[in-house]
Amino acid sequence: GCDAVLSLHGPVRPPPLQSLFCLLPESDPKHSRSVNYLAVQNLIDAVKDSETCKRIVRVTGKGESPTQIFTVLINMLGNMAKA
């Protein structure tokens, strides 16, 4: 068994016109809802069913510089939210 799961995924950026006019249906597996919400829900369900795995580590990012103000703020807020 394992005691943690790494969640290293993200949606593919849709073409600009498709994004602008919301042409990608939510049922499409490439839609952000499918990738970010449903995939994480599946991981949560799998961890609940596991006898040994008790932690999900979600890694996200777009390659921002670690010193950019947005990155610093997100890291500060995320740190405050950890149990």
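The mean pLDDT of the chain in this predicted model is 78, and 80% of the residues reach 70 or more. Confidence varies along the chain. The lowest mean, 67, falls in helix α1, which covers residues 16–20. The highest mean, 87, belongs to strand β1.

The chain contains 3 helices and 2 strands. In sequence order these elements follow the pattern β-α-α-β-α. Of the 83 residues in the chain, 11% are buried. The accessible surface of the chain amounts to about 7,000 Å², and carbon and sulfur atoms account for 61% of that area. Contacts were also sorted by separation in sequence. Where the two residues in contact are at least 6 apart in sequence, 57% of the contacts join residues at least 24 apart.

Strand β1 spans residues 4–7 and includes V5 as well as S7. Beyond its neighbours within four places in sequence, V5 is in contact with L43, V47, C53, R55, I56 and V57. The C-alpha atoms of V5 and I44 lie 9.7 Å apart, although 39 residues separate the two in sequence. S7 is counted as buried because its relative accessibility is 2%, below the 20% limit for that class. With neighbours within four places in sequence left aside, the contacts of S7 are L43, I56, V57, R58 and V59.

Both sets of contacts include I56. This residue is part of strand β2, which runs over residues 55–58. Its own contacts, apart from neighbours within four places in sequence, are V5, S7, L43, I44 and V47. Two of the residues on that list, V5 and S7, belong to strand β1. For I56 and L43, which are 13 residues apart along the chain, the C-alpha separation is 7.7 Å. I56 has a relative accessible area of 30% and is therefore classed as partly exposed.

Helix α2 extends over residues 32–49 and contains S34. With a relative accessible area of 14%, S34 also falls under the 20% limit and so is buried. When residues up to four places away in sequence are not counted, S34 touches E26, D28, P29 and A39. Its C-alpha atom is 9.9 Å from that of G10, and the two residues are 24 apart along the chain.

The cysteines were examined for covalent links. A disulfide is a covalent bond between the sulfur atoms of two cysteines. The structure holds 0 disulfides. The cysteine sulfur closest to that of C2 is in C53, at 3.9 Å, and the pair is not bonded because this distance is too great. The cut-off applied to a pair of cysteine sulfur atoms is 2.5 Å. C53 is likewise in no disulfide, and its nearest cysteine sulfur is that of C2. The two residues fall into separate accessibility classes: C2 is partly exposed because its relative accessibility is 39%, whereas C53, at 2%, is counted as buried. C53 is also one of the contacts of V5 in strand β1.

A nonpolar patch is present on the surface, formed by I69, F70, L73, I74 and M76. Together these residues have about 530 Å² of accessible area. One member of the patch, L73, is located in helix α3, which comprises residues 69–81. The relative accessibility of L73 is 42%, so this residue counts as partly exposed.

Technical notes. Residues numbered from 1 in each chain as written. Predicted model: local features only at pLDDT ≥ 70, side-chain atom pairs only at ≥ 80, totals over all residues. Heavy atoms only, no water. Patch = residues over 30% accessible without salt bridge, like charges linked within 9 Å, V, L, I, M, F, W, Y side chains within 5 Å. Areas by Shrake-Rupley, 256 points an atom, 1.4 Å probe, with all protein chains shown as cover. Salt bridge = Lys/Arg side-chain N within 4 Å of Asp/Glu carboxyl O. Helix = DSSP H or I, 4+ residues; strand = E, 2+ residues; numbered from the N terminus. Buried < 20%, exposed > 50% of the residue type's maximum accessible area, 1.4 Å probe, protein only. Contact = heavy atoms within 4.5 Å. pLDDT = per-residue confidence, 0-100.
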